[in-house]
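User: Please take a close look at one part of this model. I want to know how it packs against its surroundings, and what else is worth noting around it.

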Amino acid sequence: MNRITSRVTYKDILTNGKADTQRKHILKLLATGESLSRREIASVVRMETSSVSGRINELIKQGILTEDIKRKCTISHRLVCPVRLSEV
């Protein structure tokens, strides 16, 4: 049941333009040149971490973002792979 609901919600996000808006917020933030964790991004753009992760995974697959060197997250204090804009 949860899988079906999640798939329906995901398809709705993709078709209603919400995913595009979320991607734009993430890309605008990363355009500063910073390398940020998913949780740090979520905190700044005021999105759920799961939503940020979904958009980031899409952007990594498209080659727009890349994972950077591991470091401690300023929020969770755990070792994470932050992301940054890929070099063109």
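Analyst: **Helix α2 and its partners**

α2 and α3 are roughly perpendicular to each other. This is a predicted model. The two axes come within 10 Å and cross at roughly 105°. That angle counts as roughly perpendicular because the class runs from 65 to 115 degrees.

Start with the setting. The protein chain has 4 helices and 4 strands. From the N terminus, the order is α-α-α-α-β-β-β-β. Of the 88 residues, 32% are buried. Among contacts with a separation of 6 or more, 45% join residues 24 or more positions apart.

Now the contact of α2 with α3. From α2 come His-25, Ile-26, Leu-29 and Leu-30. They meet Ile-41, Val-44 and Val-45 of α3. By class, this contact holds 6 nonpolar residues, 1 polar residue and no charged ones. Here a general point about helices helps. An α-helix has 3.6 residues a turn, so residues three or four places apart point the same way.

Take Leu-29 as the sample residue. Leu-29 sits in helix α2. Is Leu-29 buried or exposed? Leu-29 is buried, because its relative accessibility is 15% and the limit for buried is under 20%. Beyond four places in sequence, Leu-29 touches Leu-36, Ile-41, Val-44 and Val-45. Leu-29 and Val-45 are 16 residues apart in sequence. Their C-alpha atoms are 8.0 Å apart in space.

α2 has another partner, α4. The axes of α2 and α4 come within 10 Å and cross at roughly 80°. That makes this pair roughly perpendicular as well. The contact of α2 with α4 divides into 6 nonpolar, 2 polar and 3 charged residues. On the α2 side are Ala-19, Gln-22, Arg-23, Ile-26 and Leu-27. On the α4 side are Ser-51, Val-52, Arg-55, Ile-56, Glu-58 and Leu-59. Ile-26 appears in the contact with α4 and in the contact with α3.

The core ties these contacts together. The largest nonpolar core has 13 residues. Those with the most contacts inside it are Ile-26, Leu-30, Ile-41, Val-52 and Ile-56. α2 (18-30), α3 (38-45) and α4 (49-61) each supply at least two residues of this core. Look at Ile-56 in particular. Leaving aside neighbours within four places in sequence, Ile-56 is in contact with Ile-26, Arg-38, Ile-41, Leu-65 and Val-83.

Next, α3 itself. Its buried residues include Arg-38, Glu-40, Ile-41, Ala-42 and Val-45. The buried residues of α3 pack against α2 and α4. They also pack against three strands: β1 (65-67), β2 (71-72) and β4 (83-85).

Two loops flank α3. Ser-37 is found in the loop between α2 and α3. Ser-37 is buried, because its relative accessible area is 2%. Outside its sequence neighbours within four places, Ser-37 is in contact with Arg-71, Cys-73, Val-80 and Pro-82. One of these, Cys-73, is itself buried, at 1% relative accessibility.

On the other side, Arg-46 lies in the loop between α3 and α4. It comes just after α3. Arg-46 has a positive phi of about 60°, although it is not a glycine. Unlike Ser-37, which is buried, Arg-46 is exposed, at 76% relative accessible area.

A second residue to check on backbone angle is His-77. His-77 is found in the loop between β2 and β3 (79-80). Its phi is near 60°, a positive value in a residue other than glycine. His-77 counts as exposed, because its relative accessibility is 57% and exposed means over 50%.

Last, the cysteines. How many disulfides are there? The count comes to 0 disulfides. That count asks for cysteine sulfur atoms within 2.5 Å. Cys-73 is buried. Cys-81, at 23% relative accessibility, counts as partly exposed.

In brief: α2 is roughly perpendicular to α3 and roughly perpendicular to α4. Ile-26 and Leu-30 of the core are among its residues with the most contacts. The α3 contact of α2 has no charged residues, whereas its α4 contact has 3.

Conventions: Residues numbered from 1 in each chain as written. Predicted model: local features only at pLDDT ≥ 70, side-chain atom pairs only at ≥ 80, totals over all residues. Heavy atoms only, no water. Buried < 20%, exposed > 50% of the residue type's maximum accessible area, 1.4 Å probe, protein only. Core = buried A, V, L, I, M, F, W, Y, C linked by side-chain atoms within 4.5 Å. Contact = heavy atoms within 4.5 Å. Axes fitted to C-alpha atoms, helices over the stretch in contact; angles between N-to-C directions. Parallel < 35°, antiparallel > 145°, perpendicular 65-115°, else oblique. Nonpolar A, V, L, I, M, F, W, Y, C, P; charged D, E, K, R; others polar.
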